[in-house]
Amino acid sequence: MSQHSPLTGTRNLIRTIAISVAATGLLTWLALGGRTDGFLRFLSGLDMRLHWPDFGLIARAPLQIQIHVASVAVALIIGGALLTGVKGNTQHRVLGWTWSVAMASAAISSLFIQTIRPGHFSFLHLFAGWTLIALPFAIAQARRHNVRVHGRMMTGLFVGGLVIAGITAFVPGRMMWEMMFG
């Protein structure tokens, strides 16, 4: 099978996401004391009622959160298509520019969201800062035809900026948690 086939890209994406989810779970476990009983107590104490998402929470949220959620949704959908599709053609370039604008919008809008500590930046803003630095560099690598570095950086931005940061959006007490489980 060709190195650039969509099936190979899908396998790599699934493997990358699985590793990211496992790493996030491990970090959560360690943050809760690194003991199984503490982790199980944490999970059992959650009031989880999976239901149809309450999109009204997003509709009632401030504009910066609405822009952020919309940008992330676009970036997730297009990013998945880019990672699993054929590279280097016109469709990839057009979708790539659209994805880049969505990622930049998500990063910039997140700088105006300060719900963890009102009036202060949180550790999540590091993802935004990294995205705003790495994204132009990754685009420059594509323009220089340095496909290997470009691909690695864009995959890193997808996994770090969307998957790992996105998992933190579903922490109990945050809006996405309430939308899905509250």
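Select Arg 152 first: this residue is exposed, because its relative accessible area of 55% is over the 50% cut-off. Arg 152 sits in helix α7. The model is a predicted one, and every stop below is read from that model. Keep Arg 152 displayed and add Ala 138, which lies 14 residues away along the chain. The C-alpha atoms of these two residues are separated by 8.6 Å.

**The whole chain**

Zoom out and colour by secondary structure. The chain has 8 helices and 0 strands, so a cartoon view gives the pattern α-α-α-α-α-α-α-α when read along the sequence. Of the 182 residues, 31% are buried. Take the contacts between residues at least 6 apart in sequence: 64% of them join residues at least 24 apart.

**α6 against α7**

Now show α6 (125-143) together with α7 (residues 147-168). The axes of α6 and α7 come within 9 Å and cross at roughly 155 degrees. An angle over 145 degrees counts as roughly antiparallel, and therefore α6 and α7 are described that way. The crossing of α6 with α7 is left-handed. To see the contact, select Phe 127, Trp 130, Thr 131, Ala 134, Leu 135, Phe 137, Ala 138, Ile 139, Gln 141 and Ala 142 on the α6 side. On the α7 side, select Val 149, His 150, Met 153, Met 154, Leu 157, Gly 160, Gly 161, Ile 164 and Ala 165. By class, the residues of this α6 and α7 contact are 14 nonpolar, 5 polar and no charged.

**The loop between α6 and α7**

Move to His 145, found in the loop between α6 and α7. His 145 counts as exposed because its relative accessibility is 68%. Check the backbone here as well: phi of His 145 is near 65 degrees, a positive value in a residue other than glycine.

**α5 against α7**

Hide α6 and bring up α5 (residues 90-110). The axes of α5 and α7 come within 13 Å and cross at roughly 40 degrees. The two helices are therefore oblique to each other. Their crossing is left-handed. From α5, select His 92, Trp 99, Ser 100 and Met 103. These meet His 150, Met 154, Leu 157, Phe 158 and Leu 162 in α7. The residues of the α5 and α7 contact divide into 6 nonpolar, 3 polar and no charged.

**α4 against α7**

Next, swap α5 for α4 (63-84). The axes of α4 and α7 come within 11 Å and cross at roughly 145 degrees. This crossing, too, is left-handed. Select Val 72, Ala 75, Leu 76, Gly 79, Gly 80 and Leu 83 in α4, then Thr 155, Phe 158 and Leu 162 in α7, to show the residues that meet. The contact of α4 with α7 has 6 nonpolar, 3 polar and no charged residues.

**The nonpolar core**

Show all four helices again, with side chains. Which residues touch the most other members of the largest nonpolar core? Select Trp 99, Met 103, Leu 135, Met 154, Leu 157 and Phe 158; the core has 18 residues in total. At least two residues of this core come from each of α4, α5, α6 and α7. The largest share, 7 residues, is supplied by α7. In soluble globular proteins, nonpolar side chains tend to be buried together.

**The end of α5 and the start of α6**

Finish at Ser 110, placed in α5. Is Ser 110 buried or exposed? Ser 110 is buried, because its relative accessible area of 12% is under the 20% cut-off. Leaving out residues up to four places away in sequence, Ser 110 touches His 68, His 125 and Ala 128.

Pick His 125 from that list and centre on it. His 125 belongs to helix α6 and is buried, with a relative accessible area of 10%. Beyond its neighbours within four places in sequence, His 125 is in contact with Ser 110, Leu 111, Ile 113, Gln 114 and His 120. Display these five with His 125 to complete the tour.

Note on methods. Residues numbered from 1 in each chain as written. Predicted model: local features only at pLDDT ≥ 70, side-chain atom pairs only at ≥ 80, totals over all residues. Heavy atoms only, no water. Buried < 20%, exposed > 50% of the residue type's maximum accessible area, 1.4 Å probe, protein only. Contact = heavy atoms within 4.5 Å. Axes fitted to C-alpha atoms, helices over the stretch in contact; angles between N-to-C directions. Parallel < 35°, antiparallel > 145°, perpendicular 65-115°, else oblique. Left-handed = near helix turned anticlockwise from the far one by under 90°. Nonpolar A, V, L, I, M, F, W, Y, C, P; charged D, E, K, R; others polar. Core = buried A, V, L, I, M, F, W, Y, C linked by side-chain atoms within 4.5 Å.
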